[in-house]
Each structure stands twice: as C-alpha cells, then as structure tokens.
Amino acid sequence: MLPTAAYIHIPFCRRRCFYCDFPVFVVGDRHNGSTSGNIQLYVERLGKEIAAQVSYDRPLETIFFGGGTPSLLTVAQLGQILDWLAAKFGIASNAEISMEIDPGTFDLAQLQGYLQAGVNRVSIGVQAFQDNLLQLCGRSHTVSDIYHAVELLHQGGVENWSLDLISGLPQQTIADWVASLESAIALNPMHIACYDLVVEVQTPFAKQYQPGNTPLPSDEATAQMFRLAQQTLTGAGYHHYEISSYVRNIDYQCRHNLTYWQNQSYYAFGMGAASYLEGYRFTRPRKTQEYYQWVADGCDWQEVITSVEDRFLETFMLGLRLTQGVSLRSILAEFGVDRVDNLLKCVQRYQQQGWVEIDSIEHRDRHLRLSDPEGLLFSNVVLTEIFSQESIVDS
C-alpha cells in the first residue's frame, strides 16, 4: 500500500525526562522558540530532507508532529514544514494533522496559530496528576500547568484532543493511578492514552532503578493498574480500541497511529525518525550533527528490506495491539494457508485460558484477537509463543 502518512520528529525539549530514550536536544526551561537559532537550523534541515524524499503521488491523509516537544516550534516554523509537505506530497482536505503539546509550553495565541496552520488534533503530555510524581519523572510542568493547558484547548475550540498518562512510575501507588484516571476523565478529552513505564537502558531511570524493585511498583501492581485503566475508562464511556488507547467516540481514533498498528507504509522525517516504504525500513541518525551531515550529503537512503518472516511477525505484533485483532482472511491472502493453520493450532491453549478469541467481526472474515483486559495484559506471553514456533514463522 502506498504511503499516505508522515511522522515529523521535533527533538527539542526544555528538559530530558528521566524515562526518555528518544533522540532529543535540551534547550532549557527559559527557552523562547522565536529566538532559537538551533530550532530554525533544524527546521531548515527538515525542509531539505522532505525535498529529497521520493513522492508516491498520493496526498497525505495523516501528519503527526512528535518529539521531543513540538510546541517549542513557532507558528511560522510549523507552517513552513506543512507548506513543504503540501508542496512535495499534497495534503488531503480531510487530513488528520496531530501535534504533541506539553503543558506550560504554549499560550492561546500560539495554539490558535497552530490551528490556523492546519493542526486539528492535539496530544497533551500529562503523564500524572501528582506534582511529586511529575518531579520524579523530570517533567517541566506542574498539575496546575495541566489544568491551564486544558483551559487553553477549550478557549481555542479544540475538540479532538488526547491526554497521555503513564503507569508504573517510581513511588506511584494504586491510589495515585486511580486519582489520575479520574482526573483525566473529569477533563473529558476525546482520547486517552495509558502507557506502562518501560525502563530503557542509558536513561536516568535505568541508572536509578531496576525493574521489579522498589520504588518501582511491583509487576502485580502494574498489572492491576492496567486492569483499573480498562475498567475505569470503559466504565466512563471510553472505547478501548488499542492496548494503550481509549476514545470517547470511535470516529476519533488516532488515524495516524492506526497506520503503524496495521503495518502500513509511512514517511518519516527528522533526527532518529524511522520510515517504512515499499517493504523497506530506514532509521535516520539519532545525533544532531550526524543527522545534519546526512542531510548535507544528500540523504543517502540505505534501506533494510523486511523479509516475509519479519513482515508476518510485525503484522501480528502490531495488529494484536488492536482490540479488534488481525484479519485471518488478510493473513491467509498475504502469507498462505499453512501459516494460518499452524497459527490456529499454536493459540488453542490460550483460547482455552480465555486470552485469545477468534470470532467474526465482518462478514465471512474471522479475526484473531486478544481478550480485554487479560489477553492484552499477557500479550507478550502469547506473542513469544507464536514467534518461537518455526512451523509458523518459516511456513
């Protein structure tokens, strides 16, 4: 399938969060984006990379500005990037244009400028509703900043906005998590994302904490947090459509992220960004000067081809994140009857446990999915079993 999605990485942050392993460039708490030469230089390099990309003559249907902190861009800088994308690929009239925004990094005039430039979906990085947990994470905002940011979204007339939370944080209790969920629901976002903390190597958290040891919550506690998120949010009227994602109205699922979960092609631009085009994956340099030199050298694409086996595994790994699961008819058409037959044999015992379900969602098409919440909670166990079976992988 030809790409119609583009991810734009904006690597600048006021601080580096203690759990973050993304390629970012710290500009300090007092940064003013309008005077930052570093950000402007980066934006210009983005423009060169966009111009060098091969176009597949399909307008973009989703654009996602992630980071980092994209709200450190000026309105003019964001508008310039969108202009470059429109000139190179075209942008569909109904395109979803998402932007990650952190509390305390924007004002109403700035938000209105982003909206006028074309942004129509905002994702706000809240993470927790307890000041002590925000400080432990190295976040630059406070709980007061969260409420002020949401008020600005209301004043700006933003209907399609998402709120991010993280479970499993150091010193986070079950009571903290319940309070954060209830606070998020009270703000009534269209979309809520609940991520479980992963302690990545070479992050400050990795130097301070070992998984399974205090002050990190126990595995049992984080499992309970996952169940509580599912129960609390679905009880409040949110639809659980992906392992970490809940939406109040099914029409407001994040269309851009569905591109990833359905293992479709997409463009990506910026430091450390990874694209997937025509079966090839490519990740750009993660360090600023190396990325700049790569752009200056003409964006030499050294893609890694995805084998049939890898594509099969990725399709399942990503597709089973969705509560609707994966289409067995599509798997059969792309990967053959032997893989499907062996797959069904492999998951029989998980069906008996109630972790795997196979049912008809569409006419004449069965879907294999993980039950909610238990199957999704133990998804790694199911996937590990599938991936270990040579009769499935090498069919």
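Nine strands form an open sheet in this predicted model. Their order is S9-S10-S8-S7-S6-S5-S4-S1-S11, and the pairing is mixed. Two strands sit at the edges: S9 (239-242) and S11 (267-269), each pairing on one side only. On average, neighbouring strands of the sheet are turned by 20° against each other, direction ignored.

Take S7 as a starting point. On one side, S7 (residues 161-167) pairs with S6 (residues 121-127). The two run parallel and share five bridges. Here valine 122 stands opposite tryptophan 161 of S7.

S7 also pairs with S8, again in parallel, through six bridges. In this pair, serine 167 faces aspartate 196 of S8. Helix H6 (residues 174-187) lies across S7 and S8 (191-196). The helix runs at about 175° to S7. Together, S7, H6 and S8 make a β-α-β unit, and the unit is right-handed.

Beyond S8 comes S10 in the sheet order. The pairing of S8 with S10 (residues 245-247) is antiparallel, over three bridges. Isoleucine 192 has tyrosine 246 in S10 as its bridge partner.

Now turn to the loop after S4. Serine 71 lies there, between strand S4 (60-67) and helix H2 (75-88). Is serine 71 buried or exposed? Its relative accessibility is 1%, so serine 71 counts as buried; the cut-off for buried is under 20%. Which residues is serine 71 in contact with, leaving aside its neighbours within four places in sequence? They are Met99, Glu100, Ile101, Asp102, Thr105, Gln110 and Tyr114.

Key:
Residues are numbered from 1 along each chain as its sequence is written. This is a predicted model: local features need pLDDT of at least 70, side-chain atom pairs count only at pLDDT 80 or more; totals for chains, interfaces and linings use all residues. Side-chain values use heavy atoms; hydrogens and water are left out. Helices (H or I, at least four residues) and strands (E, at least two) are DSSP runs, numbered from the N terminus. Buried means under 20% relative accessible area, exposed over 50%, partly exposed in between (1.4 Å probe, protein chains only). Contact means heavy atoms within 4.5 Å. Two strands pair if DSSP finds at least two bridges between them. Axes are lines fitted to C-alpha atoms, for helices over the stretch in contact, and angles run from 0 to 180 degrees between N-to-C directions. A crossover is right-handed if, with the strands pointing away from the viewer, the path from the first strand over the helix to the second runs clockwise.
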